[in-house]
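Trainee: I would like to go through this model with you. Can we start with the fold and finish with the pairing of the copies?

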2 protein chains.
Amino acid sequence: MMNVLVVGANGQIGKHLVSFIEDSDNLKAKAMIRKQEQASYFEDLGAQTTVVDLEDEIETIAKAAEGVDAVVFTAGSGPHTGKDKTILIDLDGAVKTIKAAEKAGVKRFVMISSFDTTREAIQEAPSSFAPYVAAKHYADEWLKSTDLEYTIIHPGILTNEEGSGQVQAAGEVARGEVPREDVARVITACLENDAAIGKEFQVVAGTTSIKDAVQSL
Amino acid sequence: MMNVLVVGANGQIGKHLVSFIEDSDNLKAKAMIRKQEQASYFEDLGAQTTVVDLEDEIETIAKAAEGVDAVVFTAGSGPHTGKDKTILIDLDGAVKTIKAAEKAGVKRFVMISSFDTTREAIQEAPSSFAPYVAAKHYADEWLKSTDLEYTIIHPGILTNEEGSGQVQAAGEVARGEVPREDVARVITACLENDAAIGKEFQVVAGTTSIKDAVQSL
């Protein structure tokens with residue numbers, strides 16, 4: 001059984017993810033949430049919960065990561081929050097979570113990034129979006145510089161459509177939409193397949209089953 | 001003769017710095033400015049100028065750095081600008097300048113940082129200041145991970161008082177004020193003394209001559 005700390009569990013992807021993890025025979029979720037009143041949703045799914053804020057110290061996050069086998073970072077201030085949160089959550093919160101994983105001896109780390117976090121994407125982004133892209137860029141760079149067994153997922157334009165269970169996933173794909181539900185399924189599939197280790201890929205809606213898409217990364 | 005690209009030349013420290021560089025027998029300044037109308041101040045001092053925005057591409061900054069022997073990064077959105085600029089200038093602008101220096105084959109790099117950019121300082125900063133501290137933290141970390149011959153200067157509370165030419169400089173000093181004019185003198189002294197290479201230090205007003213303070217780093 002693989003225990004998975006879901007950082008940002010109360011987000012829209014996170015909620016789907018904890019549900020899929022609990023549906024899996026091989027995975028078990030520990031939902032990291034900011035407020036105690038968010039706990040019941042996850043407890044009803046059978047998941048553990050832990051109340052930690054990403055602005056807390058690394059030590060506090062590391063305590064939440066103790067005894068788990070994988071960490072998924074799907075927290076995000078989102079591109080539309082105050083720009084102060086962009087750097088404190090999307091960059092510093094991510095790096096603190098990475099350091100916490102290392103501290104707790106967790107090897108596996110799955111990062112939910114933005115569709116394109118390359119240098120070029122920062123330069124080309126509209127000025128309101130560029131800070132978010134930059135924050136995600138540096139978080140991804142930080143993760144890649146560690147010895148963690150990482151997977152970096154770059155989803156397309158997120159929608160609340162029902163998932164189809166089918167995607168297109170590769171290093172580079174044409175920009176397009178993808179349901180949050182399917183992104184959560186992709187994360188679950190990555191946790192269940194070592195073929196995803198050391199991989200970084202974009203994912204949009206497509207015609208390949210998620211299992212096959214992850215297997216052929 | 002050592003040619004020095006001053007990034008952020010039109011800032012308050014930058015203006016003093018270009019003046020001190022031009023006063024030195026061993027140094028020559030190239031002022032990197034954002035607007036052509038800022039050029040005359042520097043040309044009157046005898047300095048070269050180049051118009052580049054830190055939000056431009058690395059290639060553009062690298063062109064400005066071609067043929068110089070050292071780069072000083074003293075640009076800053078400051079702690080009171082929009083938080084979007086904090087990440088785009090204080091972090092991404094700094095990293096782009098570092099990469100530009102590497103690209104242009106410049107070895108020496110002097111970074112003007114904030115007084116305390118440690119992990120602890122991010123955690124303890126008031127929430128309005130924390131994003132700025134985080135941006136400077138990651139910029140400093142990036143620089144230290146390179147092969148550049150860096151110096152990282154952490155000045156205390158900056159004032160517009162006339163400089164005394166005397167400071168206290170060490171890895172850690174008690175927080176205090178320091179005139180911008182003296183910070184500019186410290187930068188100049190660091191450029192003129194290889195003892196500053198690979199050093200990171202805090203500096204406040206004190207009783208040691210700047211030359212001696214830099215020599216004994």
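Trainee: What share of the contacts in chain A with a separation of 6 or more comes from residues 24 or more positions apart?
Mentor: First, the ground rules. This is a predicted model: local features need pLDDT of at least 70, side-chain atom pairs count only at pLDDT 80 or more, and totals for chains, interfaces and linings use all residues. Residues are numbered from 1 along each chain as its sequence is written, chains are lettered from A and ligands numbered from 1 in the order in which they are written, and side-chain values use heavy atoms, leaving out hydrogens and water. With contact meaning heavy atoms within 4.5 Å, the share is 68%.

Trainee: What radius of gyration does chain A have?
Mentor: The radius is taken over C-alpha atoms, and the globule rule is 2.2 Å times the number of residues to the power 0.38. For 217 residues, a compact globule would come near 17 Å. Chain A agrees with that, at 16 Å.

Trainee: How many of the residues in chain A are buried, as a percentage?
Mentor: Buried means under 20% relative accessible area (1.4 Å probe, protein chains only). Of the 217 residues in chain A, the buried part is 56%.

Trainee: Which strands stand at the edges of the open sheet in chain B?
Mentor: Strands are DSSP runs of E, at least two residues, numbered from the N terminus; two of them pair if DSSP finds at least two bridges between them. The order is β3-β2-β1-β4-β5-β6-β10-β8-β11 (chain B), with mixed pairing. Each edge strand has a single partner, so one side of each lacks a neighbour in the sheet. They are β3 (48-51) and β11 (208-209) of chain B.

Trainee: In which sense do β8(B) and β11(B) pair, and which residue of β11(B) is the bridge partner of B:Val167?
Mentor: β8 (residues 166-170) of chain B pairs with β11(B) over 2 bridges, in the antiparallel sense. The partner of B:Val167 is B:Thr208.

Trainee: What is the bridge partner of B:Ile152 in β10(B)?
Mentor: β6(B) and β10(B) pair in the parallel sense over 5 bridges. In β10(B), B:Ile152 is partnered by B:Glu200.

Trainee: What axis relates chain A and chain B?
Mentor: Copies are superposed by least squares on the C-alpha atoms of residues with pLDDT of at least 70 in both. A rotation of 180 degrees with 0.0 Å of shift along its axis brings chain A onto chain B, RMSD 0.0 Å. That is the relation of a two-fold axis.

Conventions. Helices (H or I, at least four residues) and strands (E, at least two) are DSSP runs, numbered from the N terminus. Buried means under 20% relative accessible area, exposed over 50%, partly exposed in between (1.4 Å probe, protein chains only).
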